[in-house]
Amino acid sequence: MEKALVERLEAAVARLEEAIASGSISASERALDGDLPAAATDPAILAFDELVEGPLRRVVAAAEKIGGKVLETTKVLEEAFGVEKSLLIKAKQSQKPDIAGLQEFVKPLNDVLTKAQALTEGRKPEYFNHLKTTADSLSALAWIAFLGKDCGMSFPTAHVEECWQMAEFFNNKVLVEYRNSNPDHVEWSKALKELYVPNLRDYVKKNYPLGPVWGPAGAAGPKAPAPTPATPPVATASASAPKAPAARSPAPPPLPPKSLFEGETSTSSSKPKQGMSAVFQEINSGKPVTSGLRKVTDDMKTKNRTDRTGVVSAPEKSPPRGGAFSFKTGPPKMELQMGRKWVIENQVGKELVIDDCDSKQSVYAYGCKDSVLQVKGKVNNITLDKCTKTGILFTDVVAAFEIVNCNGVEVQCQGSAPTIAIDNTSGCQLYLGKDALGASITTAKSSEVNILVLGSEPDGDWVQHSLPEQFLHTFKDGQFVTTPVTHSAG
């Protein structure tokens, strides 16, 4: 055991010395890492090197077979893990920061995450699902920003799992698309999953279950950048005034924009009533109903008019204008009504997350397009209504999950759902985890409904099952017998 540890230490030091000699590690990086040989002997850093040389190297090797955008985004992934290692070493030599210092500390990692996200923006690029999987998964590395249970984020191990669950939605698309056509993409997808779950998750659980290990109190901690000259000067306290102690625990992160959770204030009460409301208001006002009406004389009656005939002429039809057939959508909305019902409406091209929910609440999504909704935790029921090209990722529902009047939706259930109903829907991909296989699935007036379940093997692929769209009805023994229509290749 000791011999193996010594060999690992010697190999790590040799790699570092070789990197320094070749110039691949810059002076700034050497300053960031401090005493590199001493850092290399830390068991947690050695374990991180094994994570890079093993699981991460398999992802890179698979990407090199594919090339193009997949290799580009994988190189960004490799860069992010390199920055993560540098931050782990820096944390051991720095004092635990405040919230401003933490932002400066994680800035190198945030820059790499921004680079990965930029690859997914603009016109939908080639291998979009690969790029999106990588960009979403890199958020798992932000566990290093955990400063305590009151910092506004999950514990490191849970944070890694939650971030991968979001990325897995797109990773499953890669598996389904290439499972029968290109094994290199399947290899990349499986290797990326193994990198995060179980490898990174288990690494964090073993070495940093309560966040990064910071240096002693006397060490120099990361500081926020100095204000620019344009910043107005701040009056300093007198020398005799006692100084307030620095905040040790960061404030919770700011809430999302107010418009996400609050609907627009109704202004209908200030507007004059129109239509039938105005008629009833006039009747109830007490004024004479017939006041202002004109008296019908004999020459106004139809039977006495000579300019009218029994022939009814149809008016000329004006040619239809281009774009007249269009749908109007209301303002986007995402709010919790009466503490019981989450309402998400008219969201287009958004990634939405509901993480503050309980088993007494319901979720209703209406009129969403090209969006992804993630529901964390257990809710009573979820309904998708008139949504197009929308994905939803949820954990557990107590009652039912319903899809109504939708087109091209993708659903992934990670927990359990006793009832799943699909009504008047065209194109539905339903991913069911092992805990959801006992669900009762009802379909009506729907087509292109495919259900994907994991294979029997532990690391098996998703297996697709198509639900029948046509049925054969025959009259036997005094009653009709209904069986699904099967098609043979013969």
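Strands (E, at least two residues) and helices (H or I, at least four) are DSSP runs, numbered from the N terminus. The exercises below use these labels on a predicted model.

**Exercise 1. Place Asn405 and state what is unusual about its phi.**

Step 1. Find the neighbouring elements. Strand E6 covers 391-404 and strand E7 covers 407-413. Asn405 lies in the loop between E6 and E7.

Step 2. Read the backbone. Phi of Asn405 is positive, about 55°, although the residue is not a glycine. Most residues other than glycine have a negative phi.

Step 3. Check accessibility. Partly exposed covers the range between 20% and 50% relative accessible area. Asn405 has 31%, so Asn405 is partly exposed.

**Exercise 2. Do the analysis again for Asp370.**

Step 1. Asp370 lies in the loop between strand E4 (362-366) and strand E5 (372-385).

Step 2. Its phi is near 55°, a positive value in a residue other than glycine.

Step 3. Relative accessibility is 41%, so Asp370 counts as partly exposed.

**Exercise 3. Which peptide bond joins Val197 and Pro198, cis or trans?**

Step 1. Look at omega. For the bond between Val197 and Pro198, omega is about 20°.

Step 2. Name the bond. This peptide bond is cis. Most peptide bonds are trans.

Step 3. Locate the proline. Pro198 is in helix H10.

**Exercise 4. How do H4 and H10 pack, parallel or antiparallel?**

Step 1. Take the geometry. Helix H4 spans residues 43-66. The axes of H4 and H10 are 8 Å apart, at an angle of about 170°.

Step 2. Apply the cut-off. Angles over 145 degrees count as roughly antiparallel. H4 and H10 are therefore roughly antiparallel to each other.

Step 3. List contacts. H4 contributes residues including Phe48, Leu51, Arg58, Val59 and Lys65. H10 contributes residues including Asp184, Glu187, Trp188, Leu195 and Tyr203.

Step 4. Sort by class. The contact of H4 with H10 has 16 nonpolar, 3 polar and 5 charged residues.

**Exercise 5. Work out the orientation, handedness and contact classes of H5 and H10.**

Step 1. Helix H5 covers residues 68-92, and helix H10 covers residues 183-207. Their axes come within 13 Å and cross at roughly 15°.

Step 2. Angles under 35 degrees count as roughly parallel. H5 and H10 are therefore roughly parallel to each other. Their crossing is left-handed.

Step 3. On H5, the contact is made by Val70, Thr74, Leu77, Phe81 and Leu88. On H10, it is made by Trp188, Leu192, Leu195, Tyr196, Leu200 and Tyr203.

Step 4. By class, there are 10 nonpolar residues, 1 polar residue and no charged residues in the contact of H5 with H10.

**Exercise 6. Find the residues that touch the most other members of the largest nonpolar core.**

Step 1. This core has 54 residues. Leu77, Phe81, Leu138, Leu195, Tyr196 and Leu200 touch the most other members.

Step 2. Identify the contributing elements. Those giving two or more residues are H4, H5, H6 (99-105), H7 (107-118), H8 (128-137), H9 (156-178) and H10.

Step 3. Set the other core aside. It lies apart, has 35 residues, and includes Val375, Ile382, Phe394 and Leu432.

Step 4. Take one member in detail. Beyond its neighbours within four places in sequence, Leu138 is in contact with Val76, Leu77, Ala80, Leu113, Ala116 and Tyr196.

Step 5. Add the general context. In soluble globular proteins, nonpolar side chains tend to be buried together.

**Exercise 7. Describe the surroundings of three buried residues: Thr133, Tyr431 and Asn450.**

Step 1. The cut-off for buried is under 20% relative accessible area. Thr133 is buried at 0%, Tyr431 is buried at 3%, and Asn450 counts as buried at 15%.

Step 2. Thr133 sits in helix H8. Leaving aside neighbours within four places in sequence, its contacts are Trp164, Ala167, Phe170, Asn171 and Leu192. Thr133 and Lys193 are 60 residues apart along the chain, with C-alpha atoms separated by 9.8 Å.

Step 3. Tyr431 sits in strand E9 (residues 426-432). Not counting residues up to four places away, Tyr431 touches residues including Asn172, Val176, Val411, Leu452 and Trp462. Tyr431 and Phe169 are 262 residues apart in sequence but 9.4 Å apart in space, C-alpha to C-alpha.

Step 4. Asn450 sits in strand E11 (residues 447-454). Beyond four places in sequence, Asn450 is in contact with Cys428, Gln429, Leu430, Gln464, His465 and Ser466.

Methods: Residues are numbered from 1 along each chain as its sequence is written. This is a predicted model: local features need pLDDT of at least 70, side-chain atom pairs count only at pLDDT 80 or more; totals for chains, interfaces and linings use all residues. Side-chain values use heavy atoms; hydrogens and water are left out. Axes are lines fitted to C-alpha atoms, for helices over the stretch in contact, and angles run from 0 to 180 degrees between N-to-C directions. Angles under 35 degrees count as roughly parallel, over 145 as roughly antiparallel, 65 to 115 as roughly perpendicular and the rest as oblique. A crossing is left-handed if the near helix is turned anticlockwise from the far one by less than a right angle, and right-handed if clockwise. Contact means heavy atoms within 4.5 Å. Ala, Val, Leu, Ile, Met, Phe, Trp, Tyr, Cys and Pro count as nonpolar, Asp, Glu, Lys and Arg as charged, and the others, Gly among them, as polar. A nonpolar core is a set of buried Ala, Val, Leu, Ile, Met, Phe, Trp, Tyr and Cys residues joined through side-chain atoms within 4.5 Å. Buried means under 20% relative accessible area, exposed over 50%, partly exposed in between (1.4 Å probe, protein chains only).
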